[in-house]
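Let's take a walk through this fold together, starting with some rings and ending with a few odd backbone spots. Have the viewer open and follow along.

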Amino acid sequence: MTESLERMPALYLSHGAPPLADDALWPDQLKAWSTDLPRPKAILMVSAHWEEAPLALGATETVPLVYDFWGFPEHYYQVTYAAPGAPQLADSVRALLRGAGMPAQDIPDRGLDHGAYVPLVEMYPAADIPVLQISMPTLDPQRLMDIGRRLAPLRDEGVLIVGSGFFTHNLAALRQGGTPSWSVEFDVWGREALEAGDVDGLLDFAHKSPAGQLAHPRTEHFAPLFVTLGAAEAVGDLGDQRSVIDGFWMGLAKRSVQFG
């Protein structure tokens with residue numbers, strides 16, 4: 001990978017839980033994806049696991065990770081990811097949001113949560129690329145698209161914008177020993193909607209998709225997709241997209257998509 005200031009792609013990825021590191025396939029898929037990308041100057045992460053209003057900017061220096069999960073074996077709490085902070089990127093984000101009249105706040109001691117660091121450990125294991133995580137101030141898809149549109153100019157500064165969620169996410173409805181039909185149905189619908197550029201359908205996924213309310217009884221894991229869609233739409237990249245990773249993990253669709 002060579003560092004690039006050409007326009008970076010925008011990504012939506014299914015981030016997995018801490019045991020992703022033990023999967024036989026998924027870490028290699030994430031690593032292959034990052035190897036195929038231009039090397040980012042910095043990474044801007046929007047994770048399903050940080051909701052804060054107004055929009056918040058996390059740490060701009062290296063601070064401890066947020067182990068926002070419970071009941072896992074101890075070694076998952078020993079994982080570290082000491083990526084450099086990204087204060088210049090934070091300045092750019094503040095300026096873009098201020099120019100759009102969008103309020104923002106700083107939470108300087110807030111480290112990367114597992115929606116951010118779990119995939120980054122696999123994609124950029126050297127932890128040598130500056131990372132900034134920002135919160136989702138809302139779960140409203142249209143407002144999240146607006147945020148993505150405002151942040152789109154960062155792509156021309158070598159910034160990789162990553163929405164990190166899970167393409168289906170309903171832990172309470174999972175059953176042992178198989179992939180539930182609602183997860184498959186939503187994944188097929190979502191792939192077709194993305195390939196068709198059906199933004200209106202995606203925005204109203206809860207009503208226009210099969211099993212939408214089962215696949216996402218709460219929308220936080222699908223919501224980061226809309227930041228990515230906004231960052232793609234703003235530069236005309238909606239038609240230049242592909243699913244890089246698909247399939248299922250513990251019954252959940254791990255579809256991950258690249259625009260540009």
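Ring pairs tie Y12, F167, F186, W189, F205, F222 and F226 together into a cluster. Keep in mind as you look that this is a predicted model. Over the whole structure, the search turns up 18 aromatic pairs. One of them is F186 with F205, an edge-to-face pair whose centres are 6.2 Å apart and whose planes make an angle of 80°. That pair links distant parts of the chain: F186 belongs to helix α5 (residues 181–196) and F205 to helix α7 (residues 205–208), with the two positions 19 residues apart in sequence terms. How buried are the two partners? F186 has a relative accessible area of 0%, so it counts as buried. F205 is buried too, at 4%.

Now zoom out to the whole chain. You should find nine helices and ten strands. The radius of gyration is 17 Å, close to the 18 Å the globule rule gives for 260 residues, so the chain is as compact as a globular protein of that length. If you'd like a box for it, the C-alpha trace spans about 45 × 45 × 35 Å along its principal axes. Of the 260 residues, 53% are buried. On the outside, the chain exposes about 10700 Å², and carbon and sulfur atoms supply 51% of that area. The contact pattern is worth a look as well: take contacts between residues at least 6 apart in sequence, and 80% of them join residues at least 24 apart.

For a close-up, go to Q133, in strand β5 (residues 131–136). Is this residue buried or exposed? Its relative accessibility is 2%, which is under the 20% cut-off, so Q133 counts as buried. What does its side chain make a polar contact with? The partner is the side chain of D113, at 2.7 Å. Leaving out residues up to four places away in sequence, Q133 also touches a whole list of others, including M45, S47, L57, L112 and A116. W50 and R110 are on that list too, and these two have an arrangement of their own: the charged end of R110 sits over the ring of W50, 4.3 Å from its centre.

Next, hop over to Q29 in helix α1 (residues 26–36). Setting aside residues up to four places away in sequence, Q29 touches I245 and K254. Measure up M123 against it as well: Q29 and M123 are 94 residues apart in sequence, yet their C-alpha atoms are 8.8 Å apart in space.

Finally, some backbone geometry to check. Most residues other than glycine have a negative phi, and most peptide bonds are trans. Against that background, look at the bond joining A53 and P54, which is cis, with omega about -5°. P54 lies in the loop between β2 (42–51) and β3 (55–57). Then there's A211, whose phi is near 60°, a positive value in a residue other than glycine. A211 lies in the loop between α7 and α8 (212–215), and it is partly exposed, at 22% relative accessible area. M250 also has a positive phi, near 55°. You'll find M250 in the loop between β8 (248–249) and β9 (252–253). With a relative accessible area of 60%, M250 is exposed.

Definitions and conventions: Residues numbered from 1 in each chain as written. Predicted model: local features only at pLDDT ≥ 70, side-chain atom pairs only at ≥ 80, totals over all residues. Heavy atoms only, no water. Phe/Tyr/Trp six-rings, centres within 6.5 Å; stacked < 30°, edge-to-face > 60°. Helix = DSSP H or I, 4+ residues; strand = E, 2+ residues; numbered from the N terminus. Buried < 20%, exposed > 50% of the residue type's maximum accessible area, 1.4 Å probe, protein only. Lys NZ or Arg CZ within 6 Å of the ring centre and 35° of its normal. Rg over C-alpha atoms; globule rule 2.2 N^0.38 Å. Contact = heavy atoms within 4.5 Å. Areas by Shrake-Rupley, 256 points an atom, 1.4 Å probe, with all protein chains shown as cover. Polar contact = N/O pair within 3.5 Å; in protein donor to acceptor, adjacent residues only side chain to side chain.
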